[in-house]
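Visitor: I should like to learn how to read strand pairing, side-chain exposure and surface patches in a model. Might we work through one case together?

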Amino acid sequence: MKILIKFDENNQIVPYAKDKKITINDSPFLLFLASAGMCAAYYAREFMQNRNISLEGVSIVETVFYNKETHMAENINIHVELPEIFPTKYKNAIKSAISQCTVKRHLGNPPSFEIQTSLDLVMTA
């Protein structure tokens with residue numbers, strides 16, 4: 001599955017799947033997957049804005065590879081499309097900045113989940 005992350009006219013991060021903007025109403029899981037590419041876009045935007053480099057022509061293509069047996073995401077590839085005017089001296093630096101993405105870091109060391117309901121808090125008489 002491919003997810004495209006673009007910057008709109010206000011430099012806001014917008015995820016797309018199959019040429020359609022991804023929203024929470026489409027699929028919480030799809031939005032969750034897109035958050036990895038959106039995080040990469042956030043760090044790329046910060047890096048470029050701090051160096052007064054235009055975001056025009058920048059996009060992120062996130063490719064999610066699934067395990068055929070478990071149907072779970074097994075590998076996520078983040079490809080950063082940079083414009084020709086991007087200074088080559090920053091090639092490794094922007095990759096390093098993007099690798100600091102907190103979504104990526106959390107997926108590498110996932111939290112545990114505990115599910116509770118309001119009924120769990122009801123005391124028995």
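Guide: Let us begin with exposure in this predicted model. Residues between 20% and 50% relative accessible area count as partly exposed. Phe32 has a relative accessible area of 42%, and is therefore partly exposed. Its place is in helix H1, residues 28–50.

Visitor: To which surface patch does Phe32 belong?

Guide: Phe32 belongs to a nonpolar patch together with Met1, Phe29, Tyr66 and Leu107. The accessible area of these residues together is about 470 Å².

Visitor: In what order do the strands of the sheet lie?

Guide: The open sheet has five strands in the order E3-E2-E1-E4-E5, with antiparallel pairing. Strand E3 (20–21) and strand E5 (73–81) are the edges, each pairing on one side only.

Visitor: How many bridges join E1 to E2, and how many join E1 to E4?

Guide: Four bridges link E1 (residues 2–7) with E2 (residues 13–17), and five link E1 with E4. On the E2 side, Leu4 stands opposite Tyr16 and Lys6 opposite Val14. On the E4 side, Ile3 has Glu62 as its bridge partner. Five residues lie between E1 and E2 in their hairpin, where Asn11 takes a positive phi near 60 degrees.

Visitor: Which side chains of E1 are buried, and which are not?

Guide: The side chains alternate along the strand: Ile3, Ile5 and Phe7 point to one face and are buried, whereas Lys2, Leu4 and Lys6 point to the other and are not.

Visitor: Which strands does H1 lie across?

Guide: H1 lies across E1, E2, E4 (59–66) and E5, and runs at about 145 degrees to E4.

Methods: Residues are numbered from 1 along each chain as its sequence is written. This is a predicted model: local features need pLDDT of at least 70, side-chain atom pairs count only at pLDDT 80 or more; totals for chains, interfaces and linings use all residues. Side-chain values use heavy atoms; hydrogens and water are left out. Patches are made of residues with over 30% relative accessible area and no salt bridge: like charges are joined within 9 Å, nonpolar side chains (Val, Leu, Ile, Met, Phe, Trp, Tyr) within 5 Å. Accessible areas come from the Shrake-Rupley method with a 1.4 Å probe; for residues, only the protein chains shown count as cover. A salt bridge is a side-chain nitrogen of Lys or Arg within 4 Å of a carboxyl oxygen of Asp or Glu. Helices (H or I, at least four residues) and strands (E, at least two) are DSSP runs, numbered from the N terminus. Buried means under 20% relative accessible area, exposed over 50%, partly exposed in between (1.4 Å probe, protein chains only). Two strands pair if DSSP finds at least two bridges between them. Contact means heavy atoms within 4.5 Å. Axes are lines fitted to C-alpha atoms, for helices over the stretch in contact, and angles run from 0 to 180 degrees between N-to-C directions.
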